[in-house]
Amino acid sequence: MKPLRIAVLGAGLIGHRHIQTILSLPEVAELAAVADPGAEPAQLQLGGAAWFEDTRAMLDEVKPEAVIIATPNDLHAQQGLLCCARGIHFLVEKPVTATLEEAAELVRAVEQSGVKTLVGHHRRYLASVEEARRVIAAGELGALVAASVMWATRKPDDYFKVDWRIRTGGGPLLINAIHEVDLLRHLCGEVRMVSGLQSHAARGFAVEDTAAALFQFDNGCMGTLILTDAGLSPWTIEQGSEENPNFPHSGQNAYRLVGTKGSLELPVLRSWGPRIPGEIGWNKPLTSTDIALPYHDPYQAQLRHFQRLIRLGETPMISVLDGANTLAATLAVAHSSSQGRPCVPARFTQA
Ligand SMILES: NC(=O)c1ccc[n+]([C@@H]2O[C@H](COP(=O)([O-])OP(=O)(O)OC[C@H]3O[C@@H](n4cnc5c(N)ncnc54)[C@H](O)[C@@H]3O)[C@@H](O)[C@H]2O)c1
C-alpha cells in the first residue's frame, strides 16, 4: 500500500509525537512538511521534512494528501475547515474543536467536502480496549449494566505556574476526562444523560481539581467517573497501560465493566465469570482470568488505521462527527455541575 504524504500542523508536545510516529513507519506515511509559527525546527527531528511558519502557505505549496492537526484547541476548527476546502483528509487532536458551535460547523464541512477524518482519541487503539470491545460485542459479559472509571493522579505543583491551567476551562475535565468519556462511549454506547459535580477544594484555584460524573447510556447501562488531578494514586489508564513513558507503569486497573454474565477490568485485562459455567448468582463462586495481550503503540496503530481509512475505505475508528459527540458528553459534565441538575448532551448525527 502506498504511504500517505502527510503534513503536521503544530510541532509541540503531541505534534512531535506524531512526527516521530510518522518517521518510525515509512511504509505507512512520508512526512512531507511541518507547519508551526512558534516552534524551533533546529530543536526537532524532522527527517528532512520541509518547515513552514505559515499553515496556508504550506497547504497550498506542498499539497499534502493528509494532515495531522496538533495545534491548540481553538485552532482545530479553522484548520479543519482549511483542509475541507482543499480536499485534504485530516486527523485532528482531541478535543475535536473548542466549542459545540465549532464542532457543528466542522461536521457540516466534512460532510460536504467528503474528506476522511479521525479524532486523536488514541486510547481506542490500545490492545486492551480493542479486546474489551470484542468481548462486549461477543456477548461474553451478557448485557452491560454498569461501568466504573477512576482517573486519579497528582499533577506536579509547577504544572500550575501556567496561567490558563488555573482558570475555568483549563482543568482536568476538558483536558483529561474527555479521553475517559470517549472510552465510555466507545465501550458502553451513546450517552443519554449526564450529572456532574466539580470541586476545587484541594488547590483553591478557579479551575476544578476534582470532578464526579454519572452517565446513563442509551442501552440503560449506568456509568460513574471519578476524576482528580490533586490525588496521588496508581489508578489512571495511563499508568495501568504502558502507553506513555511519562507515566510510570503501575499495572493497576482503572475501569470496571459489569454485565449480567460477567465483568471485565482494564487496561490490565482481567475477566470475571462463574467458576462453574452457567452457575450465575451472588451465592455462586466466581473465577478470574487474566488476558495477556502483546503491547502495541496506540499512536502507531492510529497512523496505520489512518492509512487504511484513506487507501482502503476502512470505517473510521472515530470521525469528526463521533468526536463531536464525545465533546458534547464531556461538556455536559461541566454544564450539569454549573446548573445543579442533570443534562442531556447535544447529539450530532449524519445529515
Ligand atoms: N491525544 C492526547 O493524548 C493529547 C495529548 C496532549 C495534547 N493533545 C492535544 O493536542 C493539541 C496540542 O497540545 P500540545 O500539548 O501538543 O500543545 P503544545 O502547546 O505543546 O503545542 C502546540 C503547538 O502548536 C503550535 N501552533 C500555534 N499556532 C499554530 C498555527 N496557527 N499553525 C501551526 N501550529 C501552531 C505552537 O507553536 C505549538 O508548538 C491540543 O489540542 C491538545 O488537547 C492530545
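At what angle do helix 4 and helix 9 pack, and how far apart are their axes? Keep that question in mind while opening the model, which is a predicted one, and begin the tour by selecting residues 320–339, which form helix 9, together with helix 4. The two helices pack at an angle of about 170°, with their axes 9 Å apart. Because angles over 145 degrees count as roughly antiparallel, helix 4 and helix 9 are described as roughly antiparallel to each other.

Now show the side chains along this pair. From helix 4, the residues to display are Leu-100, Ala-103, Leu-106, Val-107, Val-110 and Glu-111, and these meet Val-320, Leu-321, Ala-324, Leu-327, Ala-328 and Leu-331 of helix 9. Coloured by class, the residues of this contact divide into eleven nonpolar, no polar and one charged.

Keep helix 4 (residues 100–113) on screen and add helix 3, whose axis lies 9 Å from that of helix 4 at a packing angle of about 10°. Helix 3 and helix 4 are therefore roughly parallel to each other. On the helix 3 side, select Ala-77, Gly-80, Leu-81 and Cys-84, which meet Glu-102, Glu-105, Leu-106, Ala-109, Val-110 and Ser-113 in helix 4. This contact of helix 3 with helix 4 comprises six nonpolar, two polar and two charged residues. Leu-106 and Val-110 deserve a label here, since they appear in the contact with helix 3 and also in the contact with helix 9.

Next, hide helix 9 and bring in helix 2, residues 55–62, whose axis comes within 11 Å of that of helix 3 (residues 76–86) and crosses it at roughly 25°. Helix 2 and helix 3 are therefore roughly parallel to each other, and the crossing by which helix 2 passes helix 3 is right-handed. The residues to pick out are Thr-55, Arg-56, Leu-59 and Asp-60 in helix 2, which meet Gln-79, Leu-82 and Arg-86 in helix 3. By class, this contact holds two nonpolar, two polar and three charged residues.

From helix 2, follow the chain into the loop that leads to strand 4 (66–69), where Lys-63 is found. Its backbone is worth a look, as phi of Lys-63 is near 50°, a positive value in a residue other than glycine.

Turn now to the ligand, which is surrounded by 24 residues, the closest being Leu-13, Ile-14, Asp-36, Asn-73 and Lys-94. Select Asp-36 and draw a distance from an N or O atom in its side chain to an oxygen atom of the ligand, which comes to 2.6 Å. For Ile-14, the atom to choose is a polar one of the backbone, 2.9 Å from a ligand oxygen atom. His-179 contributes a polar side-chain atom, which lies 3.1 Å from an oxygen atom of the ligand.

Lys-94, one of the closest residues to the ligand, leads to the next stop, for a cis peptide bond with omega of about -10° joins Lys-94 and Pro-95. Pro-95 itself sits in the loop between strand 5 (89–92) and helix 4.

Finish at Leu-266 and Pro-267, where the peptide bond is also cis, with omega near 20°. Here Pro-267 is in the loop that runs between strand 12 (263–266) and strand 13 (270–274).

Definitions and conventions:
Residues are numbered from 1 along each chain as its sequence is written. This is a predicted model: local features need pLDDT of at least 70, side-chain atom pairs count only at pLDDT 80 or more; totals for chains, interfaces and linings use all residues. Side-chain values use heavy atoms; hydrogens and water are left out. Axes are lines fitted to C-alpha atoms, for helices over the stretch in contact, and angles run from 0 to 180 degrees between N-to-C directions. Helices (H or I, at least four residues) and strands (E, at least two) are DSSP runs, numbered from the N terminus. Angles under 35 degrees count as roughly parallel, over 145 as roughly antiparallel, 65 to 115 as roughly perpendicular and the rest as oblique. A crossing is left-handed if the near helix is turned anticlockwise from the far one by less than a right angle, and right-handed if clockwise. Contact means heavy atoms within 4.5 Å. Ala, Val, Leu, Ile, Met, Phe, Trp, Tyr, Cys and Pro count as nonpolar, Asp, Glu, Lys and Arg as charged, and the others, Gly among them, as polar. A residue is near a molecule or strand if one of its heavy atoms lies within 4 Å of it. A polar contact is a pair of N or O atoms within 3.5 Å; within protein, one must be able to donate a hydrogen and the other to accept it, and residues adjacent in sequence count only if both atoms are side-chain atoms.
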